[in-house]
Amino acid sequence: MVGYSREEKEGMAGSNSAQTQFIASAENESFSIASLIQNADTGQIVVPDRKSWKNLFAYIGPGFLVSIAYIDPGNFESDLQSGAQYKYGLLWIILVASCAAVVIQSLAASLGVVTGKHLAELCRAEYPRGPNFVLWVLAEIAIVASDIPEVIGTAFALNMLFNIPVWIGVLLTGLSTLVLLALQQYGARKLEFIIVFLVLTIAGCFFAELGYAKPVASEVLNGLFVPQLKGNGATGLAISLLGAMVMPHNLFLHSALVLSRRIPRSVRGIKEARRFYMIESGFALMVAFLINVSVISVSGAVCNSSNLNPEDQASCEDLDLNKASFLLRNFLGNWSSKLFAIALLASGQSSTITGTYAGQYVMQGFLDLRLTPWIRNLLTRSLAIVPSLIVAVISGSAGAGKLIIISSMILSFELPFALIPLLKFTSSKTKMGTYVNSIAVSAITWIIGSLIIGINTYYLITSFIHLLLHSHWKLIAVVFLGIFGFSCMAIYLAAIAYLVLRANKEATHLLVLTTAESQQMVNDPGSTSMYCLPGEDIVSIQLPQRCQREGID
């Protein structure tokens, strides 16, 4: 690509009639793009520069990796308790959360496609060092919180299938995940296929469970489309469901995974990538939605049956992943229990792989620090194993089940610190150019974010006041706890207000090219500029490859 004088560039930028395309600028001429697919030249999936629906197949993969977070053991735990306590009454939460997830994940994918950088990198460029460090710490806490259900869920699955004690299963989860991560040496495309296979395995197991349980279809539909929060604890469980559905680390993950595709950097190419990623994500999340509905429906049908014996009724009152296996075996048969265990094992292992990559992207984006996946997995898994092991040894499976619910609620409270930057960046014309969110999309996404923040704040305040009023501590202890607790709430709300009100100051420095130049790049088969994303390399799932772009003076 040739260089241009200052006058020529100003003339091109000022042309009102020229159709434009955007390529993010960079400070040097050498850029690295991480690969998910090993290609002979660049190690990426190369999307053909043609207008065809067949291009959709090149984009399939990231959405399924992201969908794993919506069907992890934390979701299953919340789903089981929801069905056991409220039958189908909280299904509408799953529907609302899934619809919100499609919109939010599409924004995350769009951010990566347009800017060539993922969310963590953009946060590092946008926010001062102090807030940036806090955001990184919160993101790491969210990843550990999401890893705890995966550890416990896998341990429960091993216990169901092979009668391995839960605490030993907790220790084995780290080794099993490292084995799966080792499979990436055969190409990450194969790893994507493995994830898709695991998702379909989970779906097949729970759809088969539906055949055993036979829930009443009309009652399921009523639960899906009639909002209700009846009974004590319904609000807390609804928040837990919401926190388990929309996970903060998933936003960082999706914005990074889309950079694995080498798309044409033309207006049509970027629009096609955004559209196909939305379709792919929508399909993957629809499968995840059906799985969650199946889990709640099976739990609701079994625990609200009139044929339960006293032992099974007691299990339903405090249902967790481990008790669910015995409940299904007693009520539906041994095969039902095995199907549930296989689905749980597949969920735990696949969730851990995506969690490891999310942690890697977060660390690289916020700190510019890169670790090999197995080291990163070892660090994150160790932080998750320690509390899981302590609880499993002291409190057994019941305590481990409660730890899953707590971790899901932590994720819900941390969601604004990933969601608000995403909404701010995708609504910013300085970062997204012509691909900025429309007014309608901005309104919908900000309403979603406001509802999540409002529900979390309401539950936090009411729960804390209830704790203070019904505690048996001395008055001075209650006073000090009240001061400390409300101070933490004020800091929480102030941090959210800072993210919402702070104006974006760092532009992506989009460079405008004319249609004639764009066409020249498209017609030049030897040009790599049309495809290169001038962003920092996302963490090497395979070894990062170099993509050279000739300088633009």
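User: Which residues is Ser 337 in contact with, once neighbours within four places in sequence are left aside?
Analyst: Ser 325, Leu 328 and Arg 329. Contact here means heavy atoms within 4.5 Å. Before we go on: this is a predicted model, where local features need pLDDT of at least 70 and side-chain atom pairs count only at pLDDT 80 or more, while totals for chains, interfaces and linings use all residues. Residues are numbered from 1 along each chain as its sequence is written, and side-chain values use heavy atoms, with hydrogens and water left out.

User: What makes Ser 337 buried or exposed?
Analyst: Its relative accessibility is 5%. Buried means under 20% relative accessible area, exposed means over 50%, and partly exposed is in between (1.4 Å probe, protein chains only). With 5%, Ser 337 therefore counts as buried.

User: Where does Ser 337 sit?
Analyst: In helix α16. Helices are DSSP runs of H or I with at least four residues, strands are runs of E with at least two, and both are numbered from the N terminus. By that count the chain has 22 helices and 6 strands. Ser 347 also lies in α16, and at 0% relative accessible area Ser 347 is buried. Skipping neighbours within four places, Ser 347 is in contact with Ile 71, Asp 72, Pro 73, Phe 76 and Ile 202.

User: Why is α16 called largely enclosed?
Analyst: Just look at the tally: 28 of its 34 residues are buried, so α16 is largely enclosed by the rest of the structure.

User: How do you know what span α16 should have?
Analyst: The expected span is 1.5 Å times one less than the number of residues. For the 34 residues of α16 (334-367) that gives 50 Å, and the end C-alpha atoms are 49 Å apart, which agrees. Right after α16 comes Asp 368, with a positive phi near 55°.

User: How well does α15 fit the expected span?
Analyst: α15 (residues 321-332) has 12 residues and reaches 16 Å from its first C-alpha to its last, close to the 16 Å expected. Its buried residues are Leu 321, Asn 322, Ala 324, Ser 325, Leu 327, Leu 328 and Leu 332. Just after α15, Gly 333 takes a positive phi of about 115°.

User: What makes α18 largely enclosed?
Analyst: For α18 (residues 416-426), 11 of the 11 residues are buried, so this helix is largely enclosed by the rest of the structure. Among them are Phe 417, Leu 422, Lys 424 and Phe 425.

User: Where is Ser 428, and what does it touch?
Analyst: Ser 428 is in the loop between α18 and α19 (429-432). Not counting residues up to four places away, Ser 428 touches Gly 433, Val 436 and Asn 504. Ser 428 and Ala 503 are 75 residues apart in sequence, but 9.4 Å apart in space, C-alpha to C-alpha. At 8% relative accessibility, Ser 428 counts as buried.

User: How do you know which way α20 runs relative to α21?
Analyst: Start with the angle: α20 (residues 439-469) and α21 (residues 475-501) pack at about 175°, with their axes 10 Å apart. That makes α20 roughly antiparallel to α21. The cut-offs are under 35 degrees for roughly parallel, over 145 for roughly antiparallel, 65 to 115 for roughly perpendicular, and oblique for the rest. As for the method, axes are lines fitted to C-alpha atoms, for helices over the stretch in contact, and angles run from 0 to 180 degrees between N-to-C directions.

User: Which residues of α20 and α21 meet?
Analyst: From α20 they include Trp 446, Ile 453 and Phe 464, and from α21 they include Leu 481, Phe 486 and Tyr 492. By class, the contact of α20 with α21 has 15 nonpolar, 4 polar and no charged residues. Here Ala, Val, Leu, Ile, Met, Phe, Trp, Tyr, Cys and Pro count as nonpolar, Asp, Glu, Lys and Arg as charged, and the others, Gly among them, as polar.

User: What makes Asn 163 buried or exposed, and what about Lys 87?
Analyst: Asn 163 has 66% relative accessibility, so Asn 163 counts as exposed. Lys 87, at 26%, counts as partly exposed. Asn 163 is in the loop between α7 (129-162) and α8 (166-182), and Lys 87 is in the loop between α4 (73-86) and α5 (91-115). Neither is a glycine, yet phi is positive in Asn 163, at about 60°, and in Lys 87, near 55°.

User: How much of the chain counts as buried?
Analyst: Of the 553 residues, 56% count as buried.
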